[in-house]
Amino acid sequence: MIKGVIFDFDGLIFDTETHEYRLLQELFTEYNSELPLALWQKEIGTHTGFSPFVYLEEKTQKKLDLPTIEKTFKEKFSSKLAEETARPGVEDYLKTAKSLNLKIGLASSSNYEWVSTHLKRLGLFHYFDCIKTSDDVEHVKPDPSLYLEAAHCLQLKPSECMAFEDSAHGAQAAKTAGMRCVIFPNEVTNAMQFCEVDHRLDSMLAMPLIELINKIK
């Protein structure tokens, strides 16, 4: 029986990933170069240590002012995100989960400051009973630690939780933790090779939460 739902953040609740990749592509185009999507996907939902700015310098084979380039990029990225809202259907799922008395958690490979700041701006922070981020674990996704910590925080068994993800690394983490997992890929994660998940939808608008729970249980 599903007693709790655990959301990913980047790319699922708030599509930071698509905007970040688009802006990176604009940057690479300025230098007559390209950041392959397949390469960038390896970084989505986890932390590999890959730097697109160092990669840009390697591709151009020129010495670049990387601190300035990175600073300018982050300013553009922040301005873009300030204009954006949550992905369609997210708040409906949160409201329904509350009405069903489900416990609501969040498990993100990003840090708490990043997640909480955006959740508050989006007006969604109050829905969550527990938020676990990279600050709480030694290893982020695809390691299952984040999901196990979130379940423990909600005082639930992993088998009593349903995870919502958009990336392959996240889905792997949720399934390894022993949870049901439904994926909602975005523009940059749509072509990823996912592990075996319980269901896949293009958007939370595609199926009401109650119907989804009844389908998966």
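The following paragraphs lead through the structure shown above, from the whole chain to a few of its residues. The model is a predicted one.

The overall form of the chain comes first. The chain is built from nine helices and six strands. Its C-alpha trace spans about 55 × 30 × 30 Å along the principal axes. How does the radius of gyration of the chain agree with that of a compact globule? For 217 residues, a compact globule would have a radius of gyration near 17 Å, and the chain, with 18 Å, agrees with this. Of the 217 residues in the chain, 53% are buried. Contacts may also be sorted by how far apart the partners are in sequence. Among contacts in the chain with a separation of 6 or more, 65% are between residues 24 or more positions apart.

The surface and the charges may be considered next. The chain exposes about 10,500 Å², and carbon and sulfur atoms supply 49% of this area. The chain carries 24 positive and 33 negative charges, and the mean positions of the two sets are 4 Å apart.

The cysteines deserve separate attention. A disulfide is a covalent bond between the sulfur atoms of two cysteines. How many disulfides does a search of the whole structure find? The search finds one, and this disulfide joins Cys130 to Cys153, with a distance of 2.2 Å from S to S. The torsion about the S-S bond of Cys130 and Cys153 is about 120 degrees, and the disulfide is therefore right-handed. Because Cys130 lies in strand S3 (residues 130-132) and Cys153 in helix H7 (residues 145-153), the pair ties together parts that are 23 residues apart in sequence. The two partners may also be described by their accessibility. Cys130 has a relative accessibility of 4% and so counts as buried, since the cut-off is under 20%. Cys153, with a relative accessible area of 36%, is partly exposed.

Two further cysteines are in no disulfide. For Cys161, the nearest cysteine sulfur is that of Cys130, 10 Å away, and Cys161 is in no disulfide. Cys161 is buried, its relative accessible area being 0%. Cys195 is likewise in no disulfide; the nearest cysteine sulfur, that of Cys181, lies 6.5 Å away. A disulfide requires sulfur atoms within 2.5 Å, so the 6.5 Å between these sulfurs does not qualify. Cys195 is partly exposed, with a relative accessible area of 23%.

Helix H3 shows how a helix packs against other helices. Which residues of helix H3 (residues 52-60) are buried? They are Pro52, Phe53, Tyr55, Leu56, Glu57 and Thr60. An α-helix has 3.6 residues a turn, so residues three or four places apart point the same way. The buried residues of H3 pack against helix H1 (16-30), helix H2 (37-41) and helix H4 (66-82). Just after H3, Gln61 adopts a positive phi of about 55 degrees.

The last stop is Gly45, which is placed in the loop between H2 and H3. Is Gly45 buried or exposed? Gly45 counts as buried because its relative accessibility is 19%, where buried means under 20%. Leaving aside residues up to four places away in sequence, Gly45 touches Glu17, Ser109, Lys141, Ser167 and His169. One of these partners, Lys141, is 96 residues from Gly45 in sequence, yet the two are 6.5 Å apart in space, from C-alpha to C-alpha.

Technical notes:
Residues numbered from 1 in each chain as written. Predicted model: local features only at pLDDT ≥ 70, side-chain atom pairs only at ≥ 80, totals over all residues. Heavy atoms only, no water. Helix = DSSP H or I, 4+ residues; strand = E, 2+ residues; numbered from the N terminus. Rg over C-alpha atoms; globule rule 2.2 N^0.38 Å. Buried < 20%, exposed > 50% of the residue type's maximum accessible area, 1.4 Å probe, protein only. Contact = heavy atoms within 4.5 Å. Areas by Shrake-Rupley, 256 points an atom, 1.4 Å probe, with all protein chains shown as cover. Lys, Arg positive; Asp, Glu negative; His and termini not counted. Charge placed at Lys NZ, Arg CZ, Asp CG, Glu CD.
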